[in-house]
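The following paragraphs lead a new reader through a structure, beginning with one helix and the strands beneath it and ending where two chains meet. Please keep the sequence and the model in view while reading.

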Amino acid sequence: MTTQMAPESMYRSTEGLGVWEHRGKVASVGIGHSPTARRWDGRAETSVGALSIQALRTAIADAGVSPDQVDGLVLVPVTTTGAHWPEDQPVPMDVVNAFNPTDDPLDGVGQLSAEWIIKNMPELTNVKFTMYAPGCMSAAIVVAAQAVGDGLASNCLVLKGWHNLEGRYNHGGISASDEVPGSFAISPGRTLWGAPGCFGTALQFAQYCTKYGKNHDMMAPFMQNSRRNGLLFPEGYWAQHRPEQLTPEDYLSSRWIAKPANLFDNDIPIMVAAAYLFTTADRAQDMAQKPVYILNHASSRGVARSITPTLEEVEAETAATGRKIYEGAGITADDLSFENMYDGFAQFHQFHIEGLRYRGMQPGDALDFYQTDISIEGPNPILSSGGNIGSGRSRFWMHTDCMQQIQGRAGARSLTGVKPEIAVSGGPMPMGGNFTVWSATPD
Amino acid sequence: MVKQGVVPEDLNRPFFEAANEGRLVIQNCSACDRLHFPPRAACDRCGSGDNMEWKQMSGRGKIYNYGVVYDCPVASLKEDLPFNLAAIMLDEDPGILMYSHLPGVPADEVPVGGAVQVIFEATANGQKVPEWQVVT
């Protein structure tokens, strides 16, 4: 079976498309997470392949389906948090051969193919549909939701795994070379001028502070809230390995990476995998968990005019994303019980939620909003998952939290100030991401 | 600060050749009169690939905003940490941004919105690139 990357036609990336044709007809019914680790320790049983299998089997069991009922698999083949397997180091064949390998020894170690998953989960005997999504779980969810709605699969697994190798990514290779190509020197992103990964967001945040009269200190309540929520997420990295609250003093005294972005404004890369099981709304009635219905998916595809996105470009794109999200779901901002927009650089969460006009927010309002009650106990919860700041870089805590909150199984993280009925999650970037609207009911 | 050397390529060679001559040129679509930076094969507005020309700029701009880099992936810049990294808006079109270390400006003392003038700075292999100085 050849697996293709999902075509752009599966995404809803423009305004004016109307209500999603499969609104309320696709549901998530199973969740599976692997344990987390800071880095890979080199063992087969902790490889990204093993973690992914564990997550998939957990999701299948959670949904209460038998593996032979699964007929679809959507996954992200890229699993790196930034580091790729070093070209000068052999792939550990003891790890490769601990599984049923494919022709590529990196499969299951530094990437994932659908073929590798199928080979190593022999209980999946009826998978007829496989597809790849780029980058993040957010994209895989969109593709799987559309696939189930379109009838390409009935019980579809959705998978994202991450590997995190030793070393600091982006510090080797071209960053260490004496000469660089002209296209790198003046390209968007890293460039000759030495911008670290968070610089573009830090620049937008600097302009945000200038434009609206805000400052970095105002992020502290958001950061504290995110870690607190993350520590209530037993699947997360901080809860499992470093159960430490983050005080405003801890946050504000942290070292700068690219001022106004400090260390804590960047999420921590980890090893982890998660999987979901999507099905049709009709089939969901017979499964083990309460269905979480998908009302819409929407995508942003913003392109910066020049070398880095400006605040103004970001604000225009997130506002358009908000409109697309609501239009396709047939809801308004007032219908959102809570939100779980992406935060992998903490400083663009406010762009996402202002774009949503969450709780009536307008551009420039979010940092003031952060000074109010944004807890899971209050009427205006912000990022109830704790996001990537609260649980490590997976880019899927937000989705899991939306499902668990609506299903009433978020445990100590359960929202008490609002009834969790409709939520939105997604990301990653304000200029480019994929977003999903989740609901307790199909209509 | 000595930046990594630059090896021009076909798409950007006119930009770097002009820099060696002390001129700032930016790609412009003559079909719809739209500036582009970084260089592109075709216009992002009208789609034309046959009308991309190089247009000389005044070399004047303003500081959009900036950050101070304390942790840099580029090995050759690490000894200069922390340093300013600003985005410069060209006077001809503030939608066109270029990076600058703002030579001569102490870290974190950047006048946001202030006027700047282009200069040309040699990189490690002698290839010059645009940099920007605050106009006092």
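In this predicted model, a suitable starting point is helix 15 of chain A, residues 397-407, which lies across six named strands of chain A: strand 2 (26-33), strand 9 (272-280), strand 10 (292-301), strand 11, strand 12 (422-429) and strand 13 (432-439). With respect to strand 2 of chain A, helix 15 runs at about 115°.

These strands belong to a wider arrangement. Chain A has an open sheet of 10 strands, with mixed pairing, whose order is 1-4-3-5-9-2-10-13-12-11. At its edges stand strand 1 (4-5) and strand 11 (338-341) of chain A, each of which pairs on one side only. In general, the strands of a sheet pair through backbone hydrogen bonds, in either a parallel or an antiparallel manner. One parallel example in chain A is the pairing of strand 3 (residues 72-75) with strand 5 (residues 155-162), which extends over four bridges. Within strand 5 of chain A, the residue opposite A:Val74 is A:Val158.

Strand pairing also links the two chains. Strand 6 of chain A (residues 179-181) and strand 1 of chain B run parallel and are joined by three bridges. Here A:Val180 has B:Val6, in strand 1 of chain B, as its bridge partner.

The contact between the chains may now be considered as a whole. Chain A contributes 42 residues to it and chain B contributes 49 residues. About 3700 Å² is buried between chain B and chain A, and carbon and sulfur atoms give 57% of this area. On the side of chain B, the residues that lose the most area to chain A are B:Tyr64, B:Asp71 and B:Tyr99, which together account for 22% of what that side buries.

One of these residues, B:Asp71, also takes part in a salt bridge: its side chain meets that of A:Arg255 at 3.0 Å, N to O. Three salt bridges are found across the interface of chain B and chain A, together with 26 residue pairs in polar contact.

Which elements of chain B supply at least two residues each to the side that touches chain A? They are helix 1 (13-20) and the strands 1 (5-7), 3 (34-36), 5 (60-69), 6 (83-90), 7 (93-100) and 9 (128-134). Strand 7 of chain B provides the largest share, seven residues. By class, this side of chain B comprises 30 nonpolar, 10 polar and nine charged residues.

Technical notes. Residues numbered from 1 in each chain as written. Chains lettered and ligands numbered in written order. Predicted model: local features only at pLDDT ≥ 70, side-chain atom pairs only at ≥ 80, totals over all residues. Heavy atoms only, no water. Contact = heavy atoms within 4.5 Å. Buried area = accessible area lost by both parts, 1.4 Å probe. Salt bridge = Lys/Arg side-chain N within 4 Å of Asp/Glu carboxyl O. Polar contact = N/O pair within 3.5 Å; in protein donor to acceptor, adjacent residues only side chain to side chain. Nonpolar A, V, L, I, M, F, W, Y, C, P; charged D, E, K, R; others polar. Pairing = 2+ DSSP bridges. Axes fitted to C-alpha atoms, helices over the stretch in contact; angles between N-to-C directions.
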